[in-house]
Every structure is written in C-alpha cells, then in structure tokens.
Amino acid sequence: MSKKLANKIALVTGGSTGIGLASAQVLAEQGAKVYITGRRQEELDAAVALIGPAATGIRADASVLSELDNVFATIASESGRLDVLFANAGGGDMMPLGDITEEHFDRIFGTNVRGLLFTVQKALPLLSNGASVILTGSTAAVKGTASFSVYSASKAAVRSLARSWALDLKERGIRINVVSPGPVRTPGLGGLVPEEQRQGLFDALAEGVPLGRLGEPQEIGKTVAFLASDDASFINAAEIYVDGGQAQI
Ligand SMILES: NC(=O)c1ccc[n+]([C@@H]2O[C@H](COP(=O)([O-])OP(=O)(O)OC[C@H]3O[C@@H](n4cnc5c(N)ncnc54)[C@H](OP(=O)(O)O)[C@@H]3O)[C@@H](O)[C@H]2O)c1
C-alpha cells in the first residue's frame, strides 16, 4: 500500500517525548520527512535515533522566538518547504487560584499560546499551499479541573485561534485543525505529581474516561497523521477529540 505522506515535509514541535514523539513516528511511518524540536538535547537525540533516518532534531524552545527563527531557517535551507506543521510543544503544572504566580502564567501561556502562535506565524512563508496545520489542544479547555485553570485557559485559547486562523489562511488552501487529547500516558502527564502519586493519578483519570483507560500517545499520532493526509481534505477549523469519550459525557 502506498504511504499516505510520501514526499511530505513535516515539523513536530515538542517531538522528543510523549504525544509529539509518537506522532513523529507515525508521520515517518507514513513516508514523511520529519523535523522534531524540544529543549533538551539528550531527549531529542534519543527520539531521532528511535524514529530513524526520516527524522532530524533541531534543539529549540518554542517560547523563544529567535530559536523558532533558527528552526525555520534550517528547514528552509535543507528542505525548502513545509507540508505538515504539528504545533504540539506545551505543557503545564498545577496551581490553585490564590497561589497563581506571574511566573506560572507567563511560562504556560508563553509556550502554549505565545509560542504556538509564533510557531504558526513564522511557518507561513514555508508552508506549501494546501498544507495541513495541526495544533494540540486538550479536553481541559472544556472541563473544569481544580488547580489547572491557567493550563486549561491556554488550551481554550488554542482552540479559539484555530477558528480565526482558518479564515486568515483561506486564500492559500491551508487547513488548520485542533487535536484535543484526553488523558494520555506520557512523561508530561506523569510529571504533574510526585512519582509515588503517579499510579493514583492515572487510575483516577482512567475512571473518568468511558473507555476506562488512559490513551496511548500512538492513538493521538494516528489522528495527527490522518489530519495531515489528503483523507482529511475537507476537515478544517475543526477540533477532533481523542479522549475515549472523557469530555463528551
Ligand atoms: N498527556 C496528556 O494527557 C495530554 C492531554 C491533553 C493535551 N496534552 C498536550 O499534548 C502536548 C504534548 O504533551 P505530552 O503529554 O506529550 O508531554 P511531554 O511528554 O512532556 O512532551 C512534551 C514535549 O514538548 C517539549 N516541550 C515542552 N515545552 C517546550 C518548549 N517550550 N519548547 C519546545 N519544546 C517543548 C518537550 O521536550 P523538552 O521538555 O525537552 O522541551 C517534549 O518533547 C502538550 O501540548 C500538552 O499540553 C497532553
């Protein structure tokens, strides 16, 4: 069977672990050349080794605009264009109202919103007409979660940006969609609590999912690859939940 993303050039920000890594793997399996970014060089190198020859790592912090410039300059000089952009770098930690600090707000919005916005904007000159842009949202955007308000609001902003950007990108036929995972077994999710509380968190989150389990990163990756492909040619400005039903009940 022919590969659905043969000859496509893709960028996955935050592609060194978790959802980004699994998505980069699926994109590469489908034939794409995949650039991945992350801040930690060691994790980036390990991810490139895992994905194989289709992968190139570029160390970059998505919240630092000069580092984003370097990512796109590298892709421009090596590949000349970008067909798939998965703006996925992000994360958050927990802080209840009353304790929220400026640092907490600036760090989470700095990556999840400001970094994502400038990732997409700086990619525009390289994006081919008909390219697919995919943003990582979260079910947290539409559910209340104690101590998670700043993260949740940042993901609501991501979903909102996609609605307007679909219009801004109209003339170029670029599709933009949001993938919103429910709880997915990643280092990022596990890192929300100390090691000894991890299993308890995973069990509690699985309870809230109609399918009774956490998602696996590859399940998000398959959806990303679908949205990246021509099979999704009329899906635009949409939000696709990959959450086992968590936010649908
Ligand atoms: N896991 C879940 O349950 C879940 C649910 C809904 C949404 N999400 C979203 O899914 C995305 C991926 O999360 P994950 O669970 O896969 O977490 P993860 O395992 O911690 O992976 C995050 C990836 O992003 C990179 N990253 C983080 N901040 C970055 C920055 N400022 N610049 C560049 N790279 C950065 C990390 O590498 P470095 O740390 O080395 O930079 C890593 O490669 C995030 O946007 C998250 O909010 C996750």
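Reader: What volume does the largest cavity have, and what makes it a cavity?

Author: About 40 Å³ of space lies in the largest cavity. It gets the name because, on a 1 Å grid over the protein atoms alone, a 1.4 Å probe fits at its points but cannot get out. Its volume is the space filled by probe spheres set on those points, which are joined across faces, edges and corners. By the way, this is a predicted model, where local features need pLDDT of at least 70, side-chain atom pairs count only at pLDDT 80 or more, and totals for chains, interfaces and linings use all residues. Residues are numbered from 1 along each chain as its sequence is written, and side-chain values use heavy atoms, leaving out hydrogens and water.

Reader: Which residues line the largest cavity, and what makes them lining residues?

Author: They're Thr13, Ala62, Ala87, Asn88, Ala89, Thr111, Gly115, Leu116 and Thr119. Each counts because it has an atom within 4 Å of a grid point. Helix α4 gives the largest share of that lining, four residues. Helices here are DSSP runs (H or I, at least four residues), strands are E runs of at least two, and both are numbered from the N terminus.

Reader: How many charged residues are in that lining, and what makes a residue charged?

Author: None: the lining of the largest cavity has four nonpolar and five polar residues and no charged ones. Asp, Glu, Lys and Arg count as charged; Ala, Val, Leu, Ile, Met, Phe, Trp, Tyr, Cys and Pro are nonpolar, and the others, Gly among them, are polar.

Reader: How many cavities of 30 Å³ or more turn up in the whole structure?

Author: Two. The second largest cavity holds about 30 Å³, and its lining is Leu11, Thr13, Thr37, Ala60, Ala62, Leu68 and Val71. That makes five nonpolar, two polar and no charged residues.

Reader: Why is the space where the ligand sits called a pocket?

Author: Because a pocket is an open set of points with protein on both sides within 12 Å along at least five of seven lines. The ligand takes up the largest pocket, which has about 1,400 Å³ of space. Its lining runs to 50 residues, with Gly90, Gly91, Gly92, Gly188 and Leu189 nearest the centre. They split into 17 nonpolar, 26 polar and seven charged. Helix α4 has the largest share, four residues.

Reader: How do you know which space the ligand takes?

Author: A molecule sits in a pocket if more than half of its atoms lie within 2 Å of the grid points. By that test, the ligand's space is the largest pocket.

Reader: How many residues surround the ligand, and what makes a residue count?

Author: There are 30, the closest being Ser16, Arg39, Arg40, Tyr151 and Thr186. The test is a heavy atom within 4 Å of the ligand. In that shell you'll find 10 nonpolar, 16 polar and four charged residues, and α6 supplies the largest share, three.

Reader: Why does the ligand's approach to arginine 39 count as a polar contact?

Author: A ligand oxygen is 2.7 Å from an N or O atom in the arginine 39 side chain. A polar contact is a pair of N or O atoms within 3.5 Å, so this pair passes. Ligand oxygens also lie 2.9 Å from a polar backbone atom of asparagine 88 and 2.8 Å from one of valine 184. On top of that, the protein covers 92% of the 870 Å² of accessible area that the ligand has on its own (Shrake-Rupley method, 1.4 Å probe).

Reader: What lines the second largest pocket?

Author: Leu117, Val120, Gln121, Leu124, Trp165, Asp168, Leu169, Glu171 and Arg172 do. Helices α4 and α5 are the elements giving two or more residues, and α4 gives the most, three. This pocket has about 170 Å³ of space, with five nonpolar, one polar and three charged residues in its lining.

Methods
A polar contact is a pair of N or O atoms within 3.5 Å; within protein, one must be able to donate a hydrogen and the other to accept it, and residues adjacent in sequence count only if both atoms are side-chain atoms.
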